[in-house]
Amino acid sequence: MTPELVMFNFQTGRIVDGLAFIGTIIAIWLALRIANMTGENPESNIIAKIVSTGFGACVVIGSYQAYTFAANTFIITARRIQENIEAAPNPEAAQNFIDFVGTTDPSMTPTPLGIAFLAIVSLMIVTLIWVPRNN
């Protein structure tokens, strides 16, 4: 694979990752809004709370998957560069990119910051739905 094609694939992947990030932020906002409305409504029964929690879980799991894909965009690019580093126009910069990414083995998890963010969002969703409000 030529260096130009590797960079084209990387840039295309970054565009897709950016759009997925925007989608996850909107979905997280919606899940938090639903959780807040479910928790505030005194007429919310156990079914409504379970469904709202399930929706929030689906949003968090989908976001986890999207963040994992984004991490792998960098990893796959580093792997392709490493396979053809001698063809790179600037081998030193190519090696710096590989060092920055830190691995060339595909990951099954997002970055630690992404995991922490989703853990906080999960906690927010659950507490908004299940913790009683002081009125």
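A contact here means heavy atoms within 4.5 Å. With that in hand, the overall picture can be drawn. The model is predicted.

**Overall build**

Among contacts in the protein chain between residues at least 6 apart in sequence, 79% join residues at least 24 apart. The chain holds 4 helices and 0 strands. From the N terminus on, its elements run α-α-α-α. The radius of gyration is 20 Å, well over the 14 Å that the globule rule gives for 135 residues, so the chain is more spread out than a compact globule. The C-alpha trace spans about 65 × 20 × 20 Å along its principal axes.

How much of the chain is buried? Buried residues make up 30% of the 135 residues. The protein chain exposes about 8,700 Å². Carbon and sulfur atoms supply 69% of that area.

**Helix 4**

Helix 4 covers residues 112-130. Its 19 residues should span 27 Å at 1.5 Å a residue. The C-alpha atoms at its ends are 27 Å apart, which agrees.

Which residues of helix 4 are buried? They are G114, L118, V121, I125 and I129. These residues cover an arc of only 60 degrees around the axis, which puts them on the same side of helix 4. The buried residues of helix 4 pack against helix 1 (3-40) and helix 2 (46-83). On the other side of helix 4, P112, L113, I120 and L123 are exposed. Helix 4 thus has a buried side and another side with exposed residues.

**Salt bridges**

A search of the whole structure finds 4 salt bridges. The table gives three pairs, including their N to O distances.

| Pair | N to O distance | Location |
|---|---|---|
| E40 and R133 | 3.8 Å | helix 1 and the segment after helix 4 |
| R79 and E83 | 3.9 Å | helix 2 |
| R80 and E83 | 2.9 Å | helix 2 |

Take E40 and R133 to begin with. Their side chains meet in a salt bridge. E40 lies in helix 1 and R133 in the segment after helix 4, so the pair ties together parts that are 93 residues apart in sequence. R133 is partly exposed, with a relative accessible area of 29%.

The other two pairs in the table sit in helix 2. E83 and R79 are 4 residues apart there, about one turn of the helix. R80 and E83 are 3 residues apart, also about one turn of the helix. Salt bridges that share partners join R79, R80 and E83 into one network.

Are these three residues buried or exposed? Each falls in between, because partly exposed means between 20% and 50% relative accessible area. E83 counts as partly exposed at 43% relative accessibility. R79 is partly exposed, with a relative accessible area of 32%. R80 counts as partly exposed at 28% relative accessibility.

**In brief**

The predicted model shows a chain of 4 helices that is more spread out than a compact globule. Helix 4 turns its buried residues toward helix 1 and helix 2, where they pack. The salt bridge of E40 and R133 links helix 1 with the segment after helix 4. In helix 2, salt bridges join R79, R80 and E83 into one network.

Key:
Residues numbered from 1 in each chain as written. Predicted model: local features only at pLDDT ≥ 70, side-chain atom pairs only at ≥ 80, totals over all residues. Heavy atoms only, no water. Helix = DSSP H or I, 4+ residues; strand = E, 2+ residues; numbered from the N terminus. Expected span 1.5 Å × (residues − 1). Buried < 20%, exposed > 50% of the residue type's maximum accessible area, 1.4 Å probe, protein only. Arc of directions from axis to C-beta. Rg over C-alpha atoms; globule rule 2.2 N^0.38 Å. Areas by Shrake-Rupley, 256 points an atom, 1.4 Å probe, with all protein chains shown as cover.
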